[in-house]
Amino acid sequence: YGWADYFLNIPVDTYGHGLQDLALKIKTPVTNSSVLDVQFHYFLLAEPYQTFGRGEKSALGFEADVMTTVPLMKNVRLQGGYSLVNPTEFAKDLTGGDSHGHWVWTMLDFNVK
C-alpha cells in the first residue's frame with residue numbers, strides 16, 4: 001500500500017469497506033550499482049461508501065514513492081526515499097487527515113552474513 005503508510009488500519013481507515021491499490025512499479029539501475037525504485041499508487045475502496053444524498057464514493061487518492069539504493073561497501077548500503085500522498089476530501093474525512101502527506105527517510109543497511 002505504498003511506503004507512506006497513509007492507510008495503516010484498513011478496517012478502521014476504510015470503515016470496513018476494504019482497500020484496493022492500483023499500482024505501477026518501476027525499478028531500474030541508475031549506475032552499475034545504484035538502483036532507482038519509483039511507484040505510483042491509486043487507492044479506492046473495495047466496496048463503495050454510500051453517502052447521504054451525494055451517491056457513492058470510492059476514490060481515496062494517490063501516492064507517489066521514489067527510493068534509491070546505493071551500495072557503500074560489501075554488505076553495507078544506503079537507502080533514501082520520498083513519498084507524497086494526495087488524499088481526496090472523502091479520504092480526509094474517513095481518516096481524519098487534513099492535508100497531503102509527505103514522508104522523507106534514509107536508512108543505512110548493514111547485512112551481517
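## A tour from one salt bridge to the whole sheet

Select Arg77 to begin: at 35% relative accessibility, this residue counts as partly exposed. The model on screen is a predicted one.

**Stop 1: the partner of Arg77**

Add Asp109 to the selection. Which group does Asp109 form with Arg77? The two side chains meet in a salt bridge, with 2.8 Å from N to O. Side chains of opposite charge can pair when their charged atoms come close. Asp109 is also partly exposed, at 22% relative accessibility; the cut-off for buried is under 20%. Arg77 belongs to strand β4 (residues 76-87) and Asp109 to strand β5 (residues 101-110), so the pair ties together parts that are 32 residues apart in sequence. How many salt bridges does the structure hold? The count is 1.

**Stop 2: the sheet**

Now show the chain as a cartoon. Its secondary structure comes to 2 helices and 5 strands. Followed along the sequence, these elements give the pattern α-β-β-β-β-α-β. The 5 strands make up an open sheet in the order β1-β2-β3-β4-β5, with antiparallel pairing. Which strands are the edges? They are β1 and β5, each of which pairs on one side only. On average, neighbouring strands of the sheet are turned by 15° against each other, direction ignored. Strands of a sheet pair through backbone hydrogen bonds, either parallel or antiparallel.

**Stop 3: β1 against β2**

Select residues 19-29, which are strand β1, and residues 35-51, which are strand β2. These two strands run antiparallel and share 11 bridges. The link from β1 to β2 is a hairpin of 5 residues. Two pairs are worth clicking here. Pro29 has Val35 in β2 as its bridge partner. Lys27 stands opposite Asp37 in β2.

**Stop 4: β2 against β3**

Keep β2 and add residues 55-73, which are strand β3. This pairing is antiparallel and has 13 bridges. Where does Phe40 have its bridge partner? The partner is Ala64 in β3. For a second pair, click Tyr49, whose bridge partner in β3 is Lys57.

**Stop 5: the nonpolar core**

Clear the selection and pick Ala4, Tyr6, Phe7, Ile10, Leu19, Phe43, Leu45, Leu60, Val85, Phe90 and Ala91. These 11 residues make up the largest nonpolar core. Two elements, β2 and α2 (89-95), give two or more residues to this core. In soluble globular proteins, nonpolar side chains tend to be buried together.

Centre the view on Phe90. Which residues does Phe90 contact, leaving aside its neighbours within four places in sequence? They are Leu45, Tyr49, Thr51, Lys57, Ala59 and Leu60. Leu45 and Leu60 are also listed in the core. Tyr49 and Lys57 are the bridge pair from the previous stop.

**Stop 6: Trp3**

Go to Trp3, in the segment before α1 (10-13). Is Trp3 buried or partly exposed? With a relative accessible area of 24%, Trp3 is partly exposed, because the limit for buried is under 20%. Beyond its neighbours within four places in sequence, Trp3 is in contact with Asp37, Gln39, Glu63, Asp65, Val66, Met67, Ser83 and Trp103. Asp37 was seen earlier, opposite Lys27. Next, draw a distance from Trp3 to Gly61, C-alpha to C-alpha: the two are 14 Å apart in space and 58 residues apart in sequence.

**Stop 7: two positive phi angles**

Asp5 is found in the segment before α1. Its phi is near 55°, a positive value in a residue other than glycine. At 44% relative accessibility, Asp5 counts as partly exposed.

Then move to Asn75, in the loop between β3 and β4. Phi of Asn75 is near 70°, again positive in a residue other than glycine. Asn75 has a relative accessible area of 30% and is partly exposed.

**Stop 8: the whole chain**

Zoom out to the chain with its 2 helices and 5 strands. Its radius of gyration is 17 Å, well over the 13 Å that the globule rule gives for 113 residues, so the chain is more spread out than a compact globule. The C-alpha trace spans about 60 × 25 × 20 Å along its principal axes. How much of the chain counts as buried? Of the 113 residues, 34% do. As for contacts between residues at least 6 apart in sequence, 49% join residues at least 24 apart.

Notes
Residues numbered from 1 in each chain as written. Predicted model: local features only at pLDDT ≥ 70, side-chain atom pairs only at ≥ 80, totals over all residues. Heavy atoms only, no water. Pairing = 2+ DSSP bridges. Helix = DSSP H or I, 4+ residues; strand = E, 2+ residues; numbered from the N terminus. Salt bridge = Lys/Arg side-chain N within 4 Å of Asp/Glu carboxyl O. Buried < 20%, exposed > 50% of the residue type's maximum accessible area, 1.4 Å probe, protein only. Core = buried A, V, L, I, M, F, W, Y, C linked by side-chain atoms within 4.5 Å. Contact = heavy atoms within 4.5 Å. Axes fitted to C-alpha atoms, helices over the stretch in contact; angles between N-to-C directions. Rg over C-alpha atoms; globule rule 2.2 N^0.38 Å.
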